[in-house]
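User: I'm new to this one and would like to start with a single part. Please pick one spot where helices pack, look at it closely, and then show me what surrounds it.

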Amino acid sequence: MQRAILLPALFVFVAVTVQLTSGRGAVELDSSFLWQAAKQWVEYGEPAVEWGKSPLIHTRADGRRFSPYPLGVTMTMVPSYLALRAICPSMHNDPAHAFWEVFLLKAPNSALAGLLAVFAFVLFRQLHVSRWLATVLALSAVFATNCAFYYRLSYAEGLQATALCGTVAAAMAFRHRPAAWKAVLVGLAWGWLLQSKILFVVVAPLVCVYMLVPAPSRAPEVTSPPRDAARARYRHRLLAFLGVLPPALGSIGLALWFNHLRYGEWLALGYGAGGYGFTNSMAVGLYGLLLAPGKSVFLYSPILILGLFGATRMFRSHRAESLLLAAILCATIPLFAKWWAWSGDWAWGPRFLVPLVPLMMMPAALALSPGTGWSPRLGLLVRGVVGPALLVAGLVVASLGNWVQCWWYIGAANDALTVTPAPRDDLAHLHFLPEWQPIVAHAWIAWYVATGRTPLPRRTPWARMYDDIPPYDLTHLQRMELDYWVTDHVAPRSADAARPETSSTAAALAIALGVMALASAGAVGFGVGRAYRHYPARVRRAPRQPRTST
């Protein structure tokens with residue numbers, strides 16, 4: 001299939017699938033501030049906030065209130081609000097308002113998910129992996145990693161993942177074949193990245209250095225080119241690189257304007273608001289993000305484990321890209337680890353590492369492609385068994401995060417274990433104790449909700465750490481439902497508000513499990529078949545010769 005057909009098809013498939021499987025809520029938790037800012041921006045020309053209880057909300061001397069978050073997600077919500085106002089002029093008096101509000105608010109993130117799949121495909125193809133493997137990994141980046149959860153919500157992590165992946169993919173394309181339009185794409189993607197989280201300003205110098213260093217020629221010449229020709233090529237690279245500046249400088253100017261509007265200072269970032277800042281222990285944050293049973297990025301995106309096998313090959317064959325990836329990880333992960341709320345709760349998995357997940361899949365892509373230098377049997381094992389198994393595991397983990405709203409379980413866990421005086425991390429048991437592992441808890445909850453077995457039994461998975469089960473409230477969990485907004489408008493709901501319609505819920509879960517089973521069988525079979533094609537014929541078992549009678 002030609003790229004002109006494959007990339008649009010990939011975008012449409014991912015965007016439609018994410019739109020149909022998005023969560024119930026129109027806006028959740030902190031994203032309500034962004035939705036308010038979008039409405040105020042359209043109605044009054046200023047991205048202010050009407051109300052909010054968060055201590056991070058900044059109130060100016062004149063009484064106007066502003067969200068602490070950048071304008072990236074708010075700008076994606078503005079078209080949704082304009083469309084909602086056009087479709088439902090009477091707003092809340094219109095019975096169709098609830099449907100269109102959810103549908104239109106989910107649409108920008110669905111489009112961003114489709115763009116991530118396209119950017120991830122281009123990113124992996126730049127590593128010279130096959131087209132089919134790049135397609136599988138692009139789909140996995142959306143549906144089989146921790147990114148899946150955040151494209152169902154109106155949070156900034158989806159925009160961050162798409163923008164960062166697009167920045168690196170366009171930079172890689174520019175480095176090998178400089179062109180002004182590629183530099184403009186780099187500037188646009190990085191500009192959106194800056195508007196989604198100001199800390200990603202640290203990525204800019206790393207990407208610029210990478211773009212300005214010429215890539216080695218893929219077809220080495222017998223003699224070195226003349227000095228004048230080399231200078232002309234580099235001059236062309238520099239002139240093309242200038243295309244980065246207009247969109248990047250425009251984004252920086254917008255960020256400075258919003259900072260001045262909120263805080264009265266151009267360079268005030270707001271990270272010290274409310275007494276919060278980079279006060280966490282670096283060791284605790286790094287352990288939590290990488291290894292803790294409740295937040296490890298490798299548990300919520302299992303395909304990254306395969307990257308440990310492909311890191312050495314990536315360094316040998318794509319040294320500049322390896323150094324860029326290492327520099328981005330080393331520049332961002334310590335910042336997230338030092339942040340007072342390193343876990344990003346209330347959330348599913350390590351929320352702050354979601355933008356880095358597509359980039360961290362680059363070594364895994366090389367581990368799954370032929371030519372690793374491994375023995376034939378090890379290559380068959382990794383590409384035919386381990387790789388598909390990790391992709392299936394990622395799909396299962398992502399689905400558990402999508403079926404059940406994570407803050408229902410976090411709320412129950414928070415109520416179940418109360419420590420006095422309260423520690424700074426009041427969810428430490430959820431992060432570090434295996435008994436409270438959210439993936440296991442979500443599997444347990446999804447089973448009981450889908451089968452309609454309420455009230456939930458008192459012997460929960462996390463009760464094993466107690467000799468006597470403490471008397472805590474399970475109200476949060478009793479009201480659980482599978483979190484798909486389509487079921488509110490397609491499947492009939494029970495008259496009892498505390499319980500979903502068991503038949504429709506079980507049917508939705510059965511369909512999801514069937515799709516997962518088919519996808520899993522296809523992934524394993526396809527992986528084994530493709531790996532066996534590259535398995536040397538001399539190692540395969542020779543066919544048994546028929547016996548001849550004497």
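Analyst: What follows starts with one pair of helices and works outwards from there.

First, some ground rules: this is a predicted model, where local features need pLDDT of at least 70 and side-chain atom pairs count only at pLDDT 80 or more, while totals for chains, interfaces and linings use all residues. Residues are numbered from 1 along each chain as its sequence is written, and side-chain values use heavy atoms, with hydrogens and water left out.

Let's begin with helix 15 (319-338) and its partner, helix 9 (residues 203-212). Helices here are DSSP runs of H or I with at least four residues, numbered from the N terminus. The two pack at an angle of about 170°, their axes 10 Å apart. An axis is a line fitted to C-alpha atoms over the stretch in contact, and angles between N-to-C directions run from 0 to 180 degrees. Helix 9 and helix 15 are therefore roughly antiparallel, a label for angles over 145 degrees. Who touches whom? Helix 9 brings Val203, Leu206, Val207 and Tyr210, and helix 15 brings residues including Ala320, Glu321, Leu324 and Ile328; contact means heavy atoms within 4.5 Å. By class, that's nine nonpolar, one polar and one charged. Ala, Val, Leu, Ile, Met, Phe, Trp, Tyr, Cys and Pro count as nonpolar, Asp, Glu, Lys and Arg as charged, and the others as polar.

There's an aromatic link here too. Phe200 and Phe336 form an edge-to-face pair, 6.2 Å centre to centre with 65° between the planes. Rings pair if their centres lie within 6.5 Å, and edge-to-face means planes over 60 degrees apart. Phe200 sits in the loop between helix 8 (180-196) and helix 9, and Phe336 in helix 15, so the pair ties together parts 136 residues apart in sequence.

Helix 8 has a partner as well: its axis comes within 6 Å of that of helix 3 (residues 72-87), crossing at roughly 105°. The two are therefore roughly perpendicular, the label for 65 to 115 degrees. Gly72, Met75 and Thr76 of helix 3 meet Trp192, Gln195 and Ser196 of helix 8. That contact has two nonpolar, four polar and no charged residues.

Back to helix 15: the loop between it and helix 16 (357-360) holds Trp346, and the peptide bond from Asp345 to Trp346 is cis, with omega near 5°. Ala347 is one of the residues closest to the centre of the second largest cavity, along with Tyr300, Ile410, Leu430 and Pro438. A cavity is a set of points on a 1 Å grid where a 1.4 Å probe fits but cannot get out, and lining residues have an atom within 4 Å of a point. This one holds about 70 Å³, the space filled by probe spheres set on the points. Helix 19 (406-416), helix 20 (428-432) and helix 21 (438-450) each supply at least two lining residues.

Key
1 Å grid on protein atoms, 1.4 Å probe; cavity = no way out; pocket = protein on both sides within 12 Å on 5 of 7 lines; lining within 4 Å. Parallel < 35°, antiparallel > 145°, perpendicular 65-115°, else oblique. Phe/Tyr/Trp six-rings, centres within 6.5 Å; stacked < 30°, edge-to-face > 60°.
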